[in-house]
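Let's take a walk through a protein together. Keep the picture beside you and look for each part as we come to it.

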Amino acid sequence: MEVVEERDVVIVGGGICGLATALALHRKNVRSVVLEKSEILRATGASINIRRNGWQALEQLGIASRLRSTTVPLLAQRVVRLDTGLERRIPFSGETRCLKRGDLINAIANDLPHGTIRFGSKVLSIKLDLHTSFPILHLEDGSFIKAKVVIGCEGVNSAIADFLELKPTKIFPAGMVRGFSDYPDCHSFSHEIVITRKGDVSIGIVPVSDKLMSWFVFWHWRKGMKILKDANLMRQSTLELLEGFPAELVEIIKKSNRDSIFAGRLRYRAPWHLLSGNFRKGTVTVAGDAMHAMGPFLGQGGSAGLEDAIVLARCLHRKLIGFDLSCSPSQTIMQKVGESFDEYVRERWMRVVMLSLQSYLTGFPLGNSSMLGKLLCIIFMAIFFRDLSRHTRYDCGRL
Ligand SMILES: Cc1cc2nc3c(=O)[nH]c(=O)nc-3n(C[C@H](O)[C@H](O)[C@H](O)COP(=O)(O)OP(=O)(O)OC[C@H]3O[C@@H](n4cnc5c(N)ncnc54)[C@H](O)[C@@H]3O)c2cc1C
């Protein structure tokens, strides 16, 4: 094996969490390189809701005000059940907005030093150097990178999580499609997230701005169902799911922008696997979905990744003050980075376990038809998550 390159800090994956981690480290004067498998910035995708805790992390990264300017503040979440006629409105107690994912990714990437992201770099595997115990990354192009520090942020199919022997992610028994609809003359929807449910189908609509609505549809996944690739077919099959839903909701999907439509299955790391997982080996750790993929039912996966970035950069920087990664003895680096990652994992562990559990329990009724299961789920929610908004009041602290 030929090691062609040596690096201090390598982040694998240039999604929300990988880029945010690179930016948080940059703000603390720690240089890193981000290896991203795609050839260009993945500034696409649908929308992402950011609650108060996510905005606190974005403030620390120094990009919150830029992102606010393209969105409207959301005041509440309303859940309407067509089967029973029941309606519940939960006002948001902190700042909540819905962003275009592309805007978020671009805002983070634009503040990174030129050359930080290396595109077309897919990591296949990682192992430890027999002599130094530092990680060695094997890339798809056949090259190897020897790093002092590796942070795996490559989402649900993470080679770094495999190296840490985390249990594989699971598929949630629900399908999802989402997209955007443009309203050049301004829409008249309220500044709320409105989720309308009928049977095992839910449709959510969320204003991004006065001219842009984001929407999503979830449904219980049944054997034999397929995720369609063609946007027109996706839209058509989504409209078929919405039989009996109010016409104004159906209209949003009918007029949606074809290129904005995405469909997929939902993956999550089981909360009980997070409880016992080992998130650090030597100078290697994970963050974002690679650590704690969760269903989208709380809308917190991305914000949790932003929080990871702040906490990880703070812990690493604290240990590296007055210390040069590139020319210090390997034993000392091992010890300092190892201690900082242990601090990071300690600080994040219970937070991500509780977020994953709340997300799992919130989505459980959508993916399961057992009455006993649903009853147990209600009991667990009442015991652990009586205050439904508590997760938004978490503060990841200063960078
Ligand atoms: C339907 C849906 C709705 C959601 N809504 C919300 C919401 O409203 N609010 C919220 O906070 N969260 C939401 N989430 C969760 C959020 O999207 C994720 O938690 C977040 O995108 C994870 O970011 P990440 O950077 O950890 O991983 P990813 O976004 O998956 O990024 C991983 C990156 O790594 C790259 N990569 C992968 N493998 C490799 C490799 N081997 N080598 C190099 N690069 C690699 C990929 O190309 C990608 O760029 C939602 C998720 C879904 C599915």
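The paragraphs below visit two helices, then the ligand, and then a few single residues.

Before we set off, keep in mind that this is a predicted model. Our tour begins at helix H1, which runs over residues 16-27. You can check its length yourself: at 1.5 Å a residue, its 12 residues should span 16 Å, and the end C-alpha atoms are indeed 16 Å apart, so the two values agree. Is this helix out in the open or enclosed? Of its 12 residues, 10 are buried, so H1 is largely enclosed by the rest of the structure. Among those buried residues are Ile16, Cys17, Gly18 and Leu19. After H1 comes asparagine 29, which has a positive phi near 60 degrees.

Now try the length check on helix H11, which covers residues 330-367. A straight helix of its 38 residues would reach 56 Å at 1.5 Å a residue, but the ends of H11 are only 49 Å apart, C-alpha to C-alpha. Where does H11 bend? Look at arginine 348, where the helix bends by about 35 degrees.

Next, find the ligand. It is surrounded by 30 residues, and the closest are Cys17, Glu36, Asn49, Arg101 and Asp289. You have already met Cys17 as one of the buried residues of H1. Which elements supply the shell around the ligand? At least two residues each come from H1, strand S3 (47-50), strand S11 (170-182) and helix H10 (301-320). H10 gives the most, with three residues. Sorted by character, the shell holds 10 nonpolar, 12 polar and eight charged residues.

Let's look at some of the atoms facing each other here. Asparagine 49 has a backbone N or O atom 2.8 Å from an oxygen atom of the ligand. Serine 303 does something similar, with a backbone N or O atom 3.0 Å from a ligand oxygen. At glycine 302, a polar backbone atom is 2.9 Å from a nitrogen atom of the ligand. On its own the ligand has 1,000 Å² of accessible area, and the protein covers 87% of that.

From here we turn to some single residues. Histidine 292 sits in helix H9, residues 289-292. With 0% relative accessibility, this histidine counts as buried. Its side chain makes a polar contact of 2.6 Å with the side chain of aspartate 308. Glycine 204, in strand S13 (residues 201-209), also has 0% relative accessibility and counts as buried. Between glycine 204 and isoleucine 193 there are 11 steps in sequence, yet their C-alpha atoms are 6.8 Å apart in space.

Loops deserve a visit too. Serine 38 is in the loop between strand S2 (33-35) and S3. Is serine 38 buried or exposed? Its relative accessibility is 18%, and buried means under 20%, so serine 38 counts as buried. The side chain of serine 38 reaches the backbone oxygen of isoleucine 40 at 2.7 Å.

Our last two stops have a positive phi without being glycine. Glutamate 165 has a phi of about 60 degrees and lies in the loop between helix H5 (159-163) and S11. At 63% relative accessibility, this glutamate counts as exposed. Cysteine 186, with a phi near 75 degrees, is found in the loop between S11 and strand S12 (192-198). Its relative accessibility of 43% makes cysteine 186 partly exposed.

Conventions:
Residues numbered from 1 in each chain as written. Predicted model: local features only at pLDDT ≥ 70, side-chain atom pairs only at ≥ 80, totals over all residues. Heavy atoms only, no water. Helix = DSSP H or I, 4+ residues; strand = E, 2+ residues; numbered from the N terminus. Expected span 1.5 Å × (residues − 1). Buried < 20%, exposed > 50% of the residue type's maximum accessible area, 1.4 Å probe, protein only. Bend = angle between axes of the 7 residues up to and from the residue. Near = heavy atom within 4 Å. Polar contact = N/O pair within 3.5 Å; in protein donor to acceptor, adjacent residues only side chain to side chain. Areas by Shrake-Rupley, 256 points an atom, 1.4 Å probe, with all protein chains shown as cover. Nonpolar A, V, L, I, M, F, W, Y, C, P; charged D, E, K, R; others polar.
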